[in-house]
Amino acid sequence: MELGVSGLSAKAAHPPEVTARLAALAEDLGYGSWWVGEHVVLPSPRTPDSPMDPRDPILDPLVHLAFVAALTSRIRLGTSIVILPQRNPVVLAKQVASLDVLSGGRLELGVAAGYLEPEMTAIGVPMAGRGGRTDEYLDAMTALWFDEAPRFHGEHVAFDHVDAHPRPRQVRVHVGGRSPAAYRRAVSRGHGFYGNGTPEDIAGDLAGLRRAAEQVERPARLGRLEITAMPLTPVDAATADGYAELGVDRLVVYPLPFEDPDDIARFLEQHAPLGRV
C-alpha cells in the first residue's frame, strides 16, 4: 500500500520555506505522493459545512504543485481535490498538461463536484447541475488531452477545429465524492476513487462502487479502479492494516491541525513506517 500525505498547502504549511522543508522530508522518508486541496474562497463568517476558517490561508493547488514539482524528483503530485465545476475545463486542461509535462509525468488529478454554495456563487457557477457539469468537463478535457483531432459539443462547453500541445505524458483522474453519482463517475471516468474517513467509511464507498459498476460501463482504457483512502485522524499500524485488508491501494495521511511546521514534520516521521504495511 503506497503512502501519501495531504493538505500541506494550507495554514502553517503554506509558506515557501516550509513547503520546501516538508516536501524534501516527505520524499526522503519514502512518501509516494503529495496531495493538496482547493478552496478559492470560503464562507465568512464560517458556516458549519465549511472545512476551514475563511482567514486560514490555502494556496491554489496547481500553483502549489508546480512549486513542489521543482523541489522534488520522485514524489507524485495530486489534487485532493480540484472542484471541477468551478474551473474552465479548456483552461484547466492546459494547466494540467503543463504541470504534468514540467513534473515529468507525476501528476494525479483528483476532482469532485463540490458542495459549498457560497463558494460556487462567488465564482458564478450554479449549484444545480454541478454533477452533470463535472461529467461534461471531464469528457471535454479528455478529448483535449488524448484525441488526435479534439472536438466536443456539450451543454456547458463546446469546441472544434482546435488543438492544444504539449499533450500530457499521462493524466490519471481520481474521482471524489460520497454519492451514487460520484461512484458512477469514478467507475465510468476515473482511473481511481479518492475517499476519506475510517475503514468502515471506505468499506461503504467500495460497496457503492460495486453497485455503480453494475449500472455504468467502465472503458477498458481506464484499467482497474485504484482506491485511495484518506483518514481524517492519525493512523496506527492496526488501522492501516484495516485499510490494506479492504484492498486500498494508497493511504494518504492528513496531519491536522497544521498549526506548527515542527509538529507536521514529526507527524510525517511517525507515519512514514505505514508505507511498509
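Is Phe258 buried or exposed? In this predicted model, Phe258 has a relative accessibility of 4% and therefore counts as buried, the cut-off being under 20%. The residue is placed in the loop between β11 and α9, and its phi is positive, near 60°, although it is not a glycine. The same loop, between β11 (250-253) and α9 (261-271), also holds Pro257. A cis peptide bond with omega of about 5° links Leu256 to Pro257. Most residues other than glycine have a negative phi, and most peptide bonds are trans.

Two further sites carry such features. His161, in the loop between β7 (158-159) and β8 (172-176), has a positive phi of about 55° and is not a glycine. With a relative accessible area of 77%, His161 is exposed, because the cut-off for that class is over 50%. The other site is the peptide bond between Ser80 and Ile81, which is cis, with omega of about 10°; Ile81 is located in the loop between β3 (76-79) and β4.

Beyond β4 (82-83), the loop leading to α3 (89-102) contains Arg87. This arginine has 13% relative accessibility and so counts as buried. Its side chain forms a polar contact with the side chain of Asp60, at 3.1 Å. Apart from neighbours within four places in sequence, the residues in contact with Arg87 are Glu38, Asp60, Pro61, Leu62, Val82, Leu92, Gln95 and Tyr137.

Gly32 occupies the loop between α1 (16-28) and β2 (33-36). Although 243 residues separate Gly32 from Gly275 in sequence, their C-alpha atoms are 8.5 Å apart in space. With neighbours within four places in sequence set aside, Gly32 is in contact with Glu2, Leu3, Ile75 and Arg76.

The helix α7 can be followed from its geometry to its surroundings. At 1.5 Å a residue, its 15 residues should span 21 Å, and the end C-alpha atoms are indeed 21 Å apart, so the two values agree. Within α7, Pro199, Ile202, Asp205, Leu206, Gly208, Leu209 and Ala212 are buried. The elements covering these buried residues include α6 (180-189), β9 (192-196), β10 (226-230) and α8.

The axes of α7 (residues 199-213) and α8 (residues 237-246) come within 10 Å and cross at roughly 10°. The two helices are therefore roughly parallel, since the angle is under 35 degrees. At their contact, Pro199, Ile202, Ala203 and Leu206 of α7 meet Thr239, Tyr243 and Leu246 of α8. These residues comprise six nonpolar, one polar and no charged.

Notes. Residues are numbered from 1 along each chain as its sequence is written. This is a predicted model: local features need pLDDT of at least 70, side-chain atom pairs count only at pLDDT 80 or more; totals for chains, interfaces and linings use all residues. Side-chain values use heavy atoms; hydrogens and water are left out. Axes are lines fitted to C-alpha atoms, for helices over the stretch in contact, and angles run from 0 to 180 degrees between N-to-C directions. Helices (H or I, at least four residues) and strands (E, at least two) are DSSP runs, numbered from the N terminus. Angles under 35 degrees count as roughly parallel, over 145 as roughly antiparallel, 65 to 115 as roughly perpendicular and the rest as oblique. Contact means heavy atoms within 4.5 Å. Ala, Val, Leu, Ile, Met, Phe, Trp, Tyr, Cys and Pro count as nonpolar, Asp, Glu, Lys and Arg as charged, and the others, Gly among them, as polar. Buried means under 20% relative accessible area, exposed over 50%, partly exposed in between (1.4 Å probe, protein chains only). A polar contact is a pair of N or O atoms within 3.5 Å; within protein, one must be able to donate a hydrogen and the other to accept it, and residues adjacent in sequence count only if both atoms are side-chain atoms. The expected span of a helix is 1.5 Å times one less than its number of residues.
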